[in-house]
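Please look through the structure shown here. Some short questions and answers follow.

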Amino acid sequence: MAISEKHKTGTVSELIAASYFVRNNYIVSKPITDFHEYDLIVDDGTLKRVQVKTAYWDNSKKRYLVSCVTSHIRGNEKRYNKKYSEGSFDILCAVEHKTNSIYLIPAEKIIGRRSITLYPEGKPETVNSRYDNFEQYKVQ
């Protein structure tokens, strides 16, 4: 069975995220089933549900994006994207592979959004003040 590049990339992002949490003294657990809107459970005395997402370069927009939707394929084989709702998870962990950057963003900052923009290599001067500064959540 061939695994898609998207699934490989997502798995690598989850492993990078898990490694970050282990290195920072969290206990990391993975749900047995894959039917949740979170990928990991981390424990530092308090349990937190973590949704891991891979940041990707959008060549047309010249910036890194993180999708803030969950995709489901229905019986008719059509893909449906749904924005995350309150209570889906506690932390969004965005992983950008090229720069090895990790962002830990509180769920309430992304709920209801379709995507967010990240600048792991530094925010360009040309970015206007309307940009939500997610760089403050960069931990690595």
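Q: How far is the sulfur of cysteine 93 from the closest cysteine sulfur?
A: This is a predicted model. A disulfide needs two cysteine sulfur atoms within 2.5 Å. The closest cysteine sulfur to that of cysteine 93 is in cysteine 68, too far for a bond. The separation is 13 Å.

Q: How many disulfides does a search of the whole structure find?
A: Cysteine 68 is in no disulfide, and the nearest cysteine sulfur belongs to cysteine 93. The search of the whole structure gives a count of 0.

Q: Are cysteine 68 and cysteine 93 buried or exposed?
A: Buried means under 20% relative accessible area. Cysteine 68 has 1%. Cysteine 93 has 0%. Cysteine 68 is therefore buried, and cysteine 93 also counts as buried.

Q: Which residues does valine 52 touch, not counting residues up to four places away in sequence?
A: Valine 52 is found in strand 3, residues 47-54. Its relative accessible area is 8%, so valine 52 is buried. The residues it touches are Ser13, Glu14, Ala17, Asp39, Leu40, Cys93 and Val95.

Q: How far apart in space are valine 52 and cysteine 93, C-alpha to C-alpha?
A: In sequence, 41 residues separate the two. Valine 52 nevertheless touches Cys93. The C-alpha to C-alpha distance is 4.7 Å.

Q: Where is serine 88 found, and is it buried or exposed?
A: Serine 88 is in the loop between strand 7 (79-83) and strand 8 (91-96). Its relative accessibility is 7%, and the cut-off for buried is under 20%. Serine 88 therefore counts as buried.

Q: With which side chain does the side chain of serine 88 make a polar contact?
A: The side chain of serine 88 reaches the backbone oxygen of serine 85 at 2.7 Å. Leaving aside neighbours within four places in sequence, serine 88 is in contact with Glu37, Tyr38 and Arg49. The side-chain polar contact, at 2.6 Å, is with glutamate 37.

Q: Which residues have the most contacts inside the largest nonpolar core?
A: In soluble globular proteins, nonpolar side chains tend to be buried together. The largest nonpolar core here has 17 residues. Strand 5 (63-67), strand 8, strand 9 (101-106) and strand 10 (115-118) each give two or more residues to this core. The residues with the most contacts inside it are Ile105, Ile110, Ile116 and Leu118.

Q: Which residues is isoleucine 110 in contact with, leaving aside its neighbours within four places in sequence?
A: Ile110 belongs to the largest nonpolar core. Its contacts include Ile105 and Ile116, which are in that core's list of residues with the most contacts. The full set is Cys68, Tyr84, Phe89, Ile105, Ile116 and Phe134.

Q: How many residues are in the other core?
A: This core lies apart from the largest one. Among its residues are Phe21, Val50, Ile102 and Leu104. The count is 13 residues.

Q: What is the radius of gyration of the chain?
A: The chain has 1 helix and 10 strands. Along the sequence, the helix is followed by the strands. The globule rule gives 14 Å for 140 residues, and the chain's value is close to that, so it is as compact as a globular protein of that length. The radius of gyration is 15 Å.

Q: What share of the contacts between residues at least 6 apart in sequence join residues at least 24 apart?
A: Valine 52 and cysteine 93 are one such pair, 41 residues apart and touching. Across the chain, the share is 51%.

Technical notes:
Residues are numbered from 1 along each chain as its sequence is written. This is a predicted model: local features need pLDDT of at least 70, side-chain atom pairs count only at pLDDT 80 or more; totals for chains, interfaces and linings use all residues. Side-chain values use heavy atoms; hydrogens and water are left out. Buried means under 20% relative accessible area, exposed over 50%, partly exposed in between (1.4 Å probe, protein chains only). Helices (H or I, at least four residues) and strands (E, at least two) are DSSP runs, numbered from the N terminus. A polar contact is a pair of N or O atoms within 3.5 Å; within protein, one must be able to donate a hydrogen and the other to accept it, and residues adjacent in sequence count only if both atoms are side-chain atoms. Contact means heavy atoms within 4.5 Å. A nonpolar core is a set of buried Ala, Val, Leu, Ile, Met, Phe, Trp, Tyr and Cys residues joined through side-chain atoms within 4.5 Å. The radius of gyration is taken over C-alpha atoms; the globule rule is 2.2 Å times the number of residues to the power 0.38.
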